Amino acid sequence: MEDIFSASREGNVKFVRQFLDNIENDLNEGDDHGFTPLHWACREGQLVVFEMLMARGGRASARNDGGDTALHLACAHGNKDIVHKLIQHKANVNLMNEHGNTPLHYACFWNLETIAVELVNKGALVSQCNRYDETPLDKATPFLKNLLKEKAKNLGQDLNRVEFQEPKNLNNSSYDYSTLKGGSVGIDIGDIHLMERISESSNGELFKGVWNNVPVVAKKLKVHGFHKRLQLHFNEEYPRLRIFSHPNILPVINAVTKQPNLMVISQFMPYGSLYNILHEGTGIVVDQVQAIKFALDIAKGMAYFHSLEPLIQRFNLTSFHVVIDEDLTARISMQDVRYSFQDHTKIFRPNWMSPEVLRSNPASVDQRSADMWSFAIIMWELATREVPYISLSAMECGMKIATEGCRPPMQPGMPQQLNKLITLCWNADPTKRPRFDQIVPILQKM
């Protein structure tokens, strides 16, 4: 029976497309040896499958059990077209596997001149020692060694040997969250050990907990007047939030479905929300490059979220609802979607809301355009490191946005490209705001 790993290995485009169309499938999950579908496509040179996986959000930084990235495998097997495209996607050319080998070690060992030269041009270190005190130049033929040595020298590389240092953690995470994905039938409250309360919002309380020996976040929904129909709606709605098919979306893993507790469970994010990182001093430095990376991650996640039919309603995009993974990937939290039985007419954080959301019936608002306004506010937040409208009360803020067209002030020194993009995305006319799939290429160029 074919699976996604063999389909990616053999280039079965139809199977891969069907796999990607199922939102509960995680394209970055590994097989028994940690090989993701992207690993297999890169190893076997399956360019069409590779492009499908990358377009959907395949992680070039993912490692197998031996610490190999997709770039290691593409280089080791001489797949130069895929190597070129991985480098275009900003794959790290100096990551080491468990043997301390970088992709350049393999290109030199197999005398792959074109690949080796491109790696060095993109910053691959010719003097990095592996675990056995061998540099890429030690692996190369005399001709390739001289060629790369001269090229590295011209690029300003220090040609002194760089000693091997033990990698701190070859895997992206020390926990296997794939064990929590089985089924969406709901679990019992007794299966989760709840610890401290993290926060409280208008529609629920957030707790850190442990389930199946894995750290999770459990959100206990605020419900007024529990009844069987409400439980029925919950059981119908939460499975739609189990979106494992995009790396920039954090899915609901499972739920506690029995009264009086309704809880949705997600993977624990040690850095918390984007709001935490920007405004509450987590120690993460957000420079301009990282800010654009966060914006790109959010845009990719929202582009996929908006592609789902029917569109999932009752989600407000704010920096509170974007969480940051261990590898500093921004992800849209499905745990923050509100349910049909919750009050979604009240807005408690108007700072990120569009004018039409604040002054109109939610049913009459184009949610995709409204989300784009909210994204513009997040981009402003990333550029300034400030909370939008911090000097205004919630009521004052909502009134000024809804009736006066108020926007946060642009600040001197903001990149002109970003300034123009923000202005475009918070256009007063919702029909003139771009779609997320239109701005992803713009952010990629930045």
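**Group meeting talk: two sheets, some helix pairs and three buried residues**

Okay, let's start with a hairpin. Strand 1 and strand 2 run antiparallel, and six bridges join them. The turn of that hairpin leaves two residues between the two strands. If you want a pair to click on, take E200, whose bridge partner in strand 2 is E205. And before I go on, please keep in mind that this is a predicted model.

So what is the hairpin part of? An open sheet of five strands, in the order 1-2-3-6-5, with antiparallel pairing. Which strands stand at the edges? Those are strand 1, residues 193–201, and strand 5, residues 254–256; each has a single partner strand, so one side of each has no neighbour in the sheet. Going from one strand to the next, the twist averages 30 degrees.

Staying in that sheet, look at strand 2, residues 204–211, and strand 3, residues 214–221. They pair in the antiparallel sense, over eight bridges. A good place to see it is F207, which stands opposite A218 in strand 3. As a quick reminder for anyone who hasn't looked at a sheet in a while, strands pair through backbone hydrogen bonds, and that can be parallel or antiparallel.

Which brings me to the other sheet. This one is open too, with three strands in the order 4-8-7, and its pairing is mixed. The edge strands here are strand 4, at 249–250, and strand 7, at 322–324, each pairing on one side only. The parallel part of the mix includes strand 4 with strand 8, residues 330–333, over two bridges. In that pairing, L250 has S333 in strand 8 as its bridge partner.

Now, what packs on this sheet? Helix 13, residues 288–307, touches strand 4, strand 7 and strand 8. The direction of helix 13 makes about 40 degrees with that of strand 8.

Helix 13 also has a helix partner: helix 18, residues 436–445. The two axes are 9 Å apart, and the packing angle is about 155 degrees. Over 145 degrees counts as roughly antiparallel, so that is how helix 13 and helix 18 lie to each other. Their crossing is left-handed.

Who actually meets whom there? On the helix 13 side we have I292, A295, L296, A299, K300, M302, A303 and H306, and on the helix 18 side F436, D437, I439, V440, L443 and Q444. By class, that contact has ten nonpolar residues, two polar and two charged.

Let me set another helix pair beside it: helix 6, residues 80–88, and helix 8, residues 113–121. Their axes come within 10 Å and cross at roughly 10 degrees. The cut-off for roughly parallel is under 35 degrees, and therefore helix 6 and helix 8 are roughly parallel to each other. In this contact K80, V83, H84 and I87 in helix 6 meet I115, E118 and L119 in helix 8. The split there is four nonpolar, one polar and two charged.

Last part: three residues to pull up on your own screens.

First up, H39. You'll find H39 in helix 3, residues 37–44. Is H39 buried or exposed? Its relative accessibility is 1%, and since buried means under 20%, H39 counts as buried. Leaving out residues up to four places away in sequence, H39 touches G34, A62, R63, N64, D68, T69, A70 and L73.

Next, H105, in helix 7, residues 103–109. H105 also comes out at 1% relative accessibility, so H105 counts as buried. Setting aside neighbours within four places in sequence, the contacts of H105 are G100, Q128, C129, N130, E134, T135, P136 and K139.

And finally S127. Where does S127 sit? In the loop between helix 8 and helix 9, the latter being 136–139. With 5% relative accessibility, S127 counts as buried. In sequence, S127 and N160 are 33 residues apart, yet their C-alpha atoms are 6.4 Å apart in space. N160 is also one of the residues in contact with S127, and the others, beyond neighbours within four places in sequence, are T135, D158, L159, R161 and V162.

That's my tour, so over to you for questions.

Note on methods:
Residues numbered from 1 in each chain as written. Predicted model: local features only at pLDDT ≥ 70, side-chain atom pairs only at ≥ 80, totals over all residues. Heavy atoms only, no water. Pairing = 2+ DSSP bridges. Helix = DSSP H or I, 4+ residues; strand = E, 2+ residues; numbered from the N terminus. Contact = heavy atoms within 4.5 Å. Axes fitted to C-alpha atoms, helices over the stretch in contact; angles between N-to-C directions. Parallel < 35°, antiparallel > 145°, perpendicular 65-115°, else oblique. Left-handed = near helix turned anticlockwise from the far one by under 90°. Nonpolar A, V, L, I, M, F, W, Y, C, P; charged D, E, K, R; others polar. Buried < 20%, exposed > 50% of the residue type's maximum accessible area, 1.4 Å probe, protein only.
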